[in-house]
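Take a look at the sequence and the model below. We will walk through the fold one piece at a time.

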Amino acid sequence: MSKETGGPAFPYSGVHKGKTENFIVDSQGMTLRDYFAAKSMAVAWSALEGGYFEAEPDSSADKMAECAYQLADAMLRAREAS
C-alpha cells in the first residue's frame, strides 16, 4: 500500500567541489511524512505511556512507530486542507 509522502523534506541540488573535479549532487532526502513521524515520536511515546493505545510489553516500539505515522498522516492531511 502506497501512502502520500508529502514529497522530500530536505531536497538538495548543487555542486560538490572536489580536489580535482566537481560533482553535481542531487539528493531528495527523507520524505516529509518520515520527517513528521520522526518529530512525532515524543508525542507517540507519551500517548503510549498515557494509556491512549493498548500495547503489549514486547510491541510498544511497534505501536509507538504506528502512532507516529498516524500523526504524520494527519499532519499531511491538515496541510492539504489549508
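Start with glutamate 4. Leaving aside residues up to four places away in sequence, glutamate 4 touches Arg33, Leu76 and Glu80. Where does this residue sit? Glutamate 4 belongs to the segment before strand 1. Its relative accessibility is 53%, so glutamate 4 counts as exposed. Now compare sequence with space. Glutamate 4 and leucine 32 are 28 residues apart along the chain. Their C-alpha atoms are 9.6 Å apart.

Step back to the whole chain. This is a predicted model. The mean pLDDT of the protein chain is 78, and 83% of the residues reach 70 or more. Confidence varies from element to element. Helix 1 has the highest mean pLDDT, 90. Strand 2, residues 22–27, has the lowest, 75.

What is the chain built from? It has 3 helices and 2 strands. Follow the sequence and the pattern reads β-β-α-α-α. Of the 82 residues in the chain, 21% are buried. Contacts also reach along the sequence. Take the contacts between residues at least 6 apart in sequence: 48% of them join residues at least 24 apart.

Now trace the strands. Strand 1 covers residues 12–17. Strand 1 and strand 2 form a hairpin, with 4 residues between them. Their pairing is antiparallel and runs over 6 bridges. Which residue of strand 2 partners tyrosine 12? The bridge partner is serine 27. Serine 13, in turn, stands opposite aspartate 26 of strand 2. How many residues of strand 2 are buried? The count is 0 among its 6 residues, and the strand is hardly covered.

Move on to helix 1. Its buried residues are Leu32, Arg33, Phe36 and Ala37. Seen down the helix axis, these buried residues fall within an arc of 140 degrees, so they line one face of the helix.

Look at Phe36 on its own. Not counting residues up to four places away in sequence, phenylalanine 36 touches Ala72, Met75, Leu76 and Arg79.

Phe36 also belongs to the largest nonpolar core. That core has 11 residues in all: Ala9, Leu32, Phe36, Ala37, Ala44, Ala47, Met64, Cys67, Ala68, Ala72 and Leu76. Helix 1, helix 2 (41–49) and helix 3 each supply at least two of them. Which helix gives the largest share? Helix 3 does, with 5 residues.

Pick one core residue from that helix. Alanine 68 lies in helix 3. Is alanine 68 buried or exposed? Its relative accessible area is 0%, so alanine 68 is buried. Its contacts include residues from earlier in the chain. Setting aside residues up to four places away in sequence, alanine 68 touches Ala37, Ser40, Met41 and Ala44. Take methionine 41 from that list. Alanine 68 and methionine 41 are 27 residues apart in sequence. From C-alpha to C-alpha, they are 5.5 Å apart in space.

Finish with charge. Side chains of opposite charge can pair when their charged atoms come close. How many salt bridges does the structure hold? There is 1. Arginine 33 forms this salt bridge with aspartate 73. The closest N and O atoms are 2.6 Å apart. The pair links distant parts of the chain, 40 residues apart. Arginine 33 is in helix 1, residues 32–39. Aspartate 73 is in helix 3, residues 60–81.

Are these two partners buried or exposed? The cut-off for buried is under 20% relative accessible area. Arginine 33 has 15% relative accessibility, so it counts as buried. Aspartate 73 has a relative accessible area of 14%, so aspartate 73 is buried too.

Now put the pieces together. Strand 1 and strand 2 make the hairpin. Helix 1, helix 2 and helix 3 each give at least two residues to the core. The salt bridge then links helix 1 with helix 3.

Note on methods
Residues numbered from 1 in each chain as written. Predicted model: local features only at pLDDT ≥ 70, side-chain atom pairs only at ≥ 80, totals over all residues. Heavy atoms only, no water. Salt bridge = Lys/Arg side-chain N within 4 Å of Asp/Glu carboxyl O. Buried < 20%, exposed > 50% of the residue type's maximum accessible area, 1.4 Å probe, protein only. pLDDT = per-residue confidence, 0-100. Arc of directions from axis to C-beta. Core = buried A, V, L, I, M, F, W, Y, C linked by side-chain atoms within 4.5 Å. Contact = heavy atoms within 4.5 Å. Pairing = 2+ DSSP bridges.
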